[in-house]
Amino acid sequence: MMIDLSYPRDLVMIGAVFGLAAFIWSGWAQEEPPSHPSCRFILGGLSVAGLALTVPSVLLAISHWSQPSAISTGTTAFIVYIVVVWAEIIGGGVLSVLAIRSGHSDWVAPLILAMVGIHFFALAVVFGQPVLHLTGVIITLLAVVAFLLPRDVAAASFWGGMIGAPVFLAIGLWCLLAGRSALAVN
């Protein structure tokens with residue numbers, strides 16, 4: 001099974017974080033989209049959908065905050081989580097600076113998307129959530145695709161947001177619904 005129901009609050013928080021990720025990536029995609037107005041309309045819709053996933057997920061998580069989490073403060077899982085997140089932030093920053101200094105600022109979005117995808121492999125272990133392995137594979141592959149898609153049509157940030165945001169929305173909604181159902185049973 002792709003989703004482990006042991007920690008339903010964590011699943012709800014994954015829904016919240018993935019909704020926020022969809023909102024952020026669809027916003028970044030506005031950097032240099034194709035000139036056709038439908039592109040901005042689609043990106044706006046993805047942004048709204050991201051917020052529509054984030055808000056109820058956050059509210060549900062807050063109302064069930066007393067439920068256990070795979071990353072309780074002071075545990076090894078929590079420490080690994082903190083290390084992974086900081087490694088992602090520092091790695092993304094270093095790669096961004098290197099890309100910009102080498103005259104390839106258009107590489108920043110796909111590099112960050114790849115870092116996000118790769119960090120899910122470690123988080124899948126930390127949270128005990130196989131669905132995060134799936135997310136890692138898809139997002140990392142989409143980062144490569146976003147890097148390779150034609151820049152004369154749109155910026156790499158457009159491609160990353162246009163193809164990444166729907167994945168975050170779909171998997172985030174899946175996690176929210178699974179978590180909500182598990183919380184209702186408990």
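The protein chain exposes about 9200 Å², and carbon and sulfur atoms supply 74% of that area. Keep in mind that this is a predicted model. Of the 186 residues in the chain, 45% count as buried.

What is the chain built from? It has six helices and zero strands, so its pattern along the sequence reads α-α-α-α-α-α. The radius of gyration is 17 Å, close to the 16 Å that the globule rule gives for 186 residues, so the chain is as compact as a globular protein of that length. Along its principal axes, the C-alpha trace spans about 50 × 35 × 25 Å. Take the contacts with a separation of 6 or more: residues 24 or more positions apart account for 76% of them.

Two of the helices, H2 and H5, can be set side by side.

| Helix | Residues | Number of residues | Expected span | Distance between end C-alpha atoms |
|---|---|---|---|---|
| H2 | 37-63 | 27 residues | 39 Å | 40 Å |
| H5 | 130-148 | 19 residues | 27 Å | 28 Å |

For H2, the distance between the ends agrees with what 1.5 Å a residue predicts. The H5 value agrees with its expected span too.

Now for what H5 hides. Its buried residues are Val 131, Leu 132, Thr 135, Gly 136, Ile 139, Thr 140, Leu 142, Ala 143 and Ala 146. They cover an arc of only 165 degrees around the axis, which puts them on the same side of H5. Turn to the other side of the helix and you find Leu 141 and Leu 148, both exposed. And what covers the buried residues? The cover includes helix H1 (8-28), helix H4 (108-127) and helix H6 (156-185).

H2 has a buried set of its own: Cys 39, Leu 43, Leu 46, Ser 47, Gly 50, Leu 53, Thr 54, Ser 57, Leu 60 and Ala 61. These residues pack against H1 and H6.

Just ahead of H5 sits Gln 129, in the loop between H4 and H5. Is it buried or exposed? At 2% relative accessibility, Gln 129 counts as buried. Leaving aside residues up to four places away in sequence, Gln 129 touches Met 2, Ile 3, Asp 4, Leu 11, Ile 14 and Ala 124.

On to charges. Side chains of opposite charge can pair when their charged atoms come close. How many salt bridges does the structure hold? There is one, and it joins Asp 106 to Arg 151, with the closest N and O atoms 3.4 Å apart. Asp 106 lies in the loop between helix H3 (76-101) and H4, while Arg 151 lies in the loop between H5 and H6, so the pair ties together parts that are 45 residues apart in sequence. Asp 106 is partly exposed, with a relative accessible area of 32%. Arg 151 is partly exposed as well, at 28%.

Finally, a stop at H3, where you'll find Ile 82. With 33% relative accessibility, Ile 82 counts as partly exposed. How far apart are the C-alpha atoms of Ile 82 and Ala 99? The two residues are 17 residues apart along the chain, and their C-alpha atoms are separated by 26 Å.

Terms used:
Residues numbered from 1 in each chain as written. Predicted model: local features only at pLDDT ≥ 70, side-chain atom pairs only at ≥ 80, totals over all residues. Heavy atoms only, no water. Helix = DSSP H or I, 4+ residues; strand = E, 2+ residues; numbered from the N terminus. Expected span 1.5 Å × (residues − 1). Buried < 20%, exposed > 50% of the residue type's maximum accessible area, 1.4 Å probe, protein only. Arc of directions from axis to C-beta. Contact = heavy atoms within 4.5 Å. Rg over C-alpha atoms; globule rule 2.2 N^0.38 Å. Areas by Shrake-Rupley, 256 points an atom, 1.4 Å probe, with all protein chains shown as cover. Salt bridge = Lys/Arg side-chain N within 4 Å of Asp/Glu carboxyl O.
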